[in-house]
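Here's a quick briefing to read with the model open beside you. It goes from the overall fold to the cores, and then helix by helix.

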Amino acid sequence: MILNEEQRKNEDLKREFLQRSGVDVSKCYQCGKCSAGCPVGDHMDVPTNRVMRLAQMGLIEDALKSSSIWMCASCATCTTRCPKGVDVAEVMETLRIMANEHGYLAEKNIDKFHSVWMNILGKMGRMYEPGLILGRNLSTGKIFQDVSYGVPYITKRKLKLTPYRSKNMNEIKSLIAKAEAMDKQEGGER
């Protein structure tokens with residue numbers, strides 16, 4: 001069977017995805033628990049279980065084009081809820097990495113949130129929500145985007161304006177360095 005260029009590209013992406021993720025997506029039987037438990041599922045263009053279905057069918061390019069992989073909060077609720085033990089969070093992370101490397105960004109600047117989030121975690125050891133919002137807005141050039149959403153949280157004192165640095169920053173920086181080293185090592189093996 002002779003594959004055309006698009007089919008060959010998708011086969012290459014499928015092979016790369018399976019190798020990089022190490023997840024047996026065939027175990028997913030589409031129960032929907034991952035989508036039902038996802039805290040950001042309402043904001044996804046493709047529900048988590050449908051992203052898994054795309055991966056099962058080898059339609060990796062379609063998954064890479066979705067904004068869902070960028071909306072994923074990496075909380076691993078999906079993985080925890082999966083009755084078959086499928087590491088759904090790893091699938092989403094692998095798709096994010098591949099989308100970034102292959103230039104598949106569903107929306108302009110959609111990857112900014114993730115990089116700002118990781119930067120704050122590395123500097124503070126925990127999340128600082130106002131910094132996340134401000135950092136994303138500055139990195140995208142939309143300084144006042146979504147500011148109105150924060151006002152009720154501030155007035156009800158649900159959002160702290162001053163950052164709090166974790167006491168164990170040396171441990172956190174060590175963990176981040178180990179994770180980055182593992183990523184580089186895995187990158188060299190590909």
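In which helix does Gly-122 lie? Gly-122 belongs to helix 8, and we'll come back to its contacts further down. Keep in mind throughout that this is a predicted model. The protein is built from 11 helices and zero strands, and a good part of what follows is about how some of those helices pack.

**Overall picture**

- Reading from the N terminus, the elements go α-α-α-α-α-α-α-α-α-α-α.
- Along the principal axes, the C-alpha atoms of the protein take up a box of roughly 65 × 35 × 35 Å.
- The protein has 190 residues, and 33% of them count as buried.
- About 12,400 Å² of surface is exposed by the protein, with carbon and sulfur atoms supplying 53% of that area.
- Take the contacts in the protein with a separation of 6 or more: 66% of them come from residues 24 or more positions apart.
- On the charge side, there are 29 positive and 23 negative side chains, and the centres of these two sets sit 9 Å apart.

**The nonpolar cores**

- As a rule of thumb, nonpolar side chains in soluble globular proteins tend to be buried together.
- The largest nonpolar core here has 30 residues, and the ones touching the most other members are Phe-17, Ile-60, Leu-64 and Leu-95.
- At least two residues of this core come from each of helix 1, helix 3, helix 4, helix 5 and helix 7.
- Helix 7 is the top contributor to this core, giving seven residues.
- What does Phe-17 touch, leaving aside its neighbours within four places in sequence? Its partners are Gly-22, Val-25, Ala-55, Ile-60, Val-91, Thr-94, Leu-95 and Met-98.
- There's also a second, separate core of five residues, with Val-116, Met-124, Tyr-128 and Leu-132 among them.

**Helix 1 and Ser-21**

- Ser-21 has its place in helix 1.
- Is Ser-21 buried or exposed? Ser-21 counts as buried because its relative accessible area is 9%, which falls under the 20% cut-off.
- Once neighbours within four places in sequence are set aside, Ser-21 is in contact with Glu-90 and Thr-94.
- Thr-94 also turns up among the contacts of Phe-17.

**Helix 3**

- Helix 3 covers residues 48-57, and its buried residues are Thr-48, Asn-49, Val-51, Met-52, Leu-54 and Ala-55.
- Those buried residues pack against helix 1 (5-21), helix 2 (33-37), helix 4 (60-65), helix 5 (68-71) and helix 7 (88-102).
- Right after helix 3 comes Gly-58, which has a positive phi of about 80°.

**Helix 7**

- Does helix 7 agree or disagree with its expected span? It agrees, because its 15 residues should span 21 Å at 1.5 Å a residue and the end C-alpha atoms are 21 Å apart.
- Buried in helix 7 are Val-88, Ala-89, Val-91, Met-92, Thr-94, Leu-95, Arg-96, Met-98 and Ala-99.
- The buried residues of helix 7 pack against helix 1, helix 3, helix 4, helix 5, helix 6 (77-81) and helix 8.
- Gly-103 sits just after helix 7 and takes a positive phi of about 80°.

**Helices 8 and 9**

- Back to Gly-122: with neighbours within four places in sequence left out, this residue is in contact with Met-169, Lys-173 and Ile-176.
- Gly-122 and Leu-175 are 53 residues apart along the chain, yet their C-alpha atoms are separated by 9.7 Å.
- Helix 9 (residues 129-140) has 12 residues and reaches 17 Å from first C-alpha to last, close to the 16 Å expected at 1.5 Å a residue.
- The buried set in helix 9 is Pro-130, Gly-131, Leu-132, Arg-136, Asn-137 and Thr-140, and these residues pack against helix 8 (112-124) and helix 10 (147-155).
- Glu-129, also in helix 9, counts as partly exposed because its relative accessibility is 41%.
- The C-alpha atoms of Glu-129 and Gly-150 are separated by 9.6 Å, with their positions 21 residues apart along the chain.
- Helix 9 is followed by Gly-141, which has a positive phi near 80°.

Methods
Residues numbered from 1 in each chain as written. Predicted model: local features only at pLDDT ≥ 70, side-chain atom pairs only at ≥ 80, totals over all residues. Heavy atoms only, no water. Buried < 20%, exposed > 50% of the residue type's maximum accessible area, 1.4 Å probe, protein only. Helix = DSSP H or I, 4+ residues; strand = E, 2+ residues; numbered from the N terminus. Contact = heavy atoms within 4.5 Å. Core = buried A, V, L, I, M, F, W, Y, C linked by side-chain atoms within 4.5 Å. Areas by Shrake-Rupley, 256 points an atom, 1.4 Å probe, with all protein chains shown as cover. Lys, Arg positive; Asp, Glu negative; His and termini not counted. Charge placed at Lys NZ, Arg CZ, Asp CG, Glu CD. Expected span 1.5 Å × (residues − 1).
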